[in-house]
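The following exercises are meant for a reader who meets this structure for the first time. Each task is followed by a solution in steps.

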Amino acid sequence: MNETEIRETLEDLEREFDFQPIGEQNPKIKQIRAILSNSKPNPEKLFVAEGFWITNKLVKYDVEIKSFIMSKELIKTNEGLFIAKEMTKRAEELYVVSSRVFEKISERDKSDGLLAIAKLPARDLNDFKIKDKSVILVLDGVEIPGNIGTMVRVADGAGISAVFICNRKARLTHPKYINSSMGAALYMPVFEFESVGECYSYLKKHSFEIFLADSRAKLQYYEEDFGNNTAFVLGSERYGISREWYDKDVELIAIPMMGDCDSLNVGVAGTILMYEASIKNNLGIKR
């Protein structure tokens, strides 16, 4: 379809499904801004998904969609029309706004006219099944949402069983977390623990060998054979791993630093460790 036909189809869609026209002062617009700014409690773990790419992921992974907001003037492609139709079928509430209003709530330089409020998938740890030789990544106090999202994406790519989070310092409804995960946050098993002790007890109960990523360790990551259930603990970008972990039955493991820098970005370090263990545990490749 050309742009005129797309616009006419969207107008038909608006009439057929009774989209509610709203302005800048509408409570729904205020809700979007509150979610983006994390300025109000968010017990439902709602997040804002904007643009063709991420809204397409919501459809692909059947994520619960609370509200869909579109701007007909900004939807100019057949792909955008397809998503608008799919979101219309799935969303509990439907709204239409002008391009001016949409651009005021948009966080993108070039808007696609597609925005949704969705619910982050909830997972029950009791339903999580641990495979033999599983690898789990534990993020302790990691503060930057983009880093968490990147590591969830890498965990998916490396075939990691799950990501555990304790001492959470970043909200998992942050757009940078969702976007940097490249959608993996919508399906990758991610579990939060209330304390280090709770996380540690779970890992020990399921016979995990726990390694703390620490540049001071004598054991280098490539020297370890792994081969058993394996968990890596990575800490805050500023403060490192919580002291409490060091008082438990764990091993320290290092990535050699051969230049002047004394450590790697937490996402890079996590990538190296996860792939090393996954290749050895899942593919049986030894150095």
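Helices, of at least four residues, and strands, of at least two, are DSSP runs numbered from the N terminus. The model examined here is a predicted one.

**Exercise 1. A serine in a loop**

Determine where Ser 106 lies, and establish which side chains make polar contacts with the side chain of Ser 106.

Solution.
1. Ser 106 is found in the loop that runs between α5 (99-105) and β5.
2. The relative accessibility of Ser 106 is 14%. Buried means under 20%, so Ser 106 counts as buried.
3. Two polar contacts can be listed for this side chain: one of 2.5 Å with the side chain of Glu 50, and one of 2.9 Å with the side chain of Ser 111.
4. When residues up to four places away in sequence are set aside, Ser 106 touches Glu 50 and Ser 111.

**Exercise 2. A lysine in a helix**

Decide whether Lys 28 is buried or exposed, and identify the residues that Lys 28 touches.

Solution.
1. Lys 28 belongs to helix α2, which covers residues 27-37.
2. Lys 28 counts as buried because its relative accessibility is 10%.
3. With residues up to four places away in sequence left out, Lys 28 touches Ile 22, Ser 67, Glu 93, Tyr 95 and Ile 117.
4. With Ser 67 there is also a polar contact between side chains, at 3.1 Å.

**Exercise 3. The surroundings of helix α3**

Name the buried residues of helix α3 and the elements that cover them.

Solution.
1. Helix α3 spans residues 52-60, and Ile 54, Thr 55, Lys 57, Leu 58 and Val 59 are buried in it.
2. An α-helix has 3.6 residues a turn, so residues three or four places apart point the same way.
3. The cover over the buried residues of α3 includes the elements β2 (46-50), β3 (65-70), α4 (78-90), β5 (114-119) and α7 (175-180).
4. After α3 comes Asp 62, with a positive phi near 55°.

**Exercise 4. Two cysteines**

Explain why Cys 166 and Cys 199 do not form a bond.

Solution.
1. The cysteine sulfur closest to that of Cys 166 is in Cys 199, at 4.7 Å.
2. A disulfide requires sulfur atoms within 2.5 Å, so the two sulfurs are too far apart for a bond.
3. The count of disulfides is accordingly 0.
4. Cys 166 counts as buried, since its relative accessibility is 0%; Cys 199, also at 0%, counts as buried.

**Exercise 5. Two pockets**

Describe the lining of the largest pocket and that of the second largest pocket.

Solution.
1. The largest pocket holds about 500 Å³ of space. Its lining consists of 24 residues, and Ala 213, Asp 214, Ser 215, Ser 263 and Leu 264 lie nearest the centre.
2. Two or more lining residues each come from β10 (230-235) and α10 (266-282); α10 gives the most, with 3 residues.
3. Sorted by class, the lining of the largest pocket has 13 nonpolar, 6 polar and 5 charged residues.
4. For the second largest pocket the volume is about 320 Å³. Its lining has 18 residues, with Lys 45, Arg 123, Val 190, Phe 191 and Glu 192 closest to the centre.
5. Strand β8 (residues 190-193) supplies the largest share of the lining of the second largest pocket, 4 residues.
6. The classes in the lining of the second largest pocket are 10 nonpolar, no polar and 8 charged.

How values were computed: Residues are numbered from 1 along each chain as its sequence is written. This is a predicted model: local features need pLDDT of at least 70, side-chain atom pairs count only at pLDDT 80 or more; totals for chains, interfaces and linings use all residues. Side-chain values use heavy atoms; hydrogens and water are left out. Buried means under 20% relative accessible area, exposed over 50%, partly exposed in between (1.4 Å probe, protein chains only). A polar contact is a pair of N or O atoms within 3.5 Å; within protein, one must be able to donate a hydrogen and the other to accept it, and residues adjacent in sequence count only if both atoms are side-chain atoms. Contact means heavy atoms within 4.5 Å. On a 1 Å grid over the protein atoms alone, a cavity is a set of points where a 1.4 Å probe fits but cannot get out, and a pocket is an open set with protein on both sides within 12 Å along at least five of seven lines; lining residues have an atom within 4 Å of a point. Grid points are joined across faces, edges and corners, and a volume is the space filled by probe spheres set on the points. Ala, Val, Leu, Ile, Met, Phe, Trp, Tyr, Cys and Pro count as nonpolar, Asp, Glu, Lys and Arg as charged, and the others, Gly among them, as polar.
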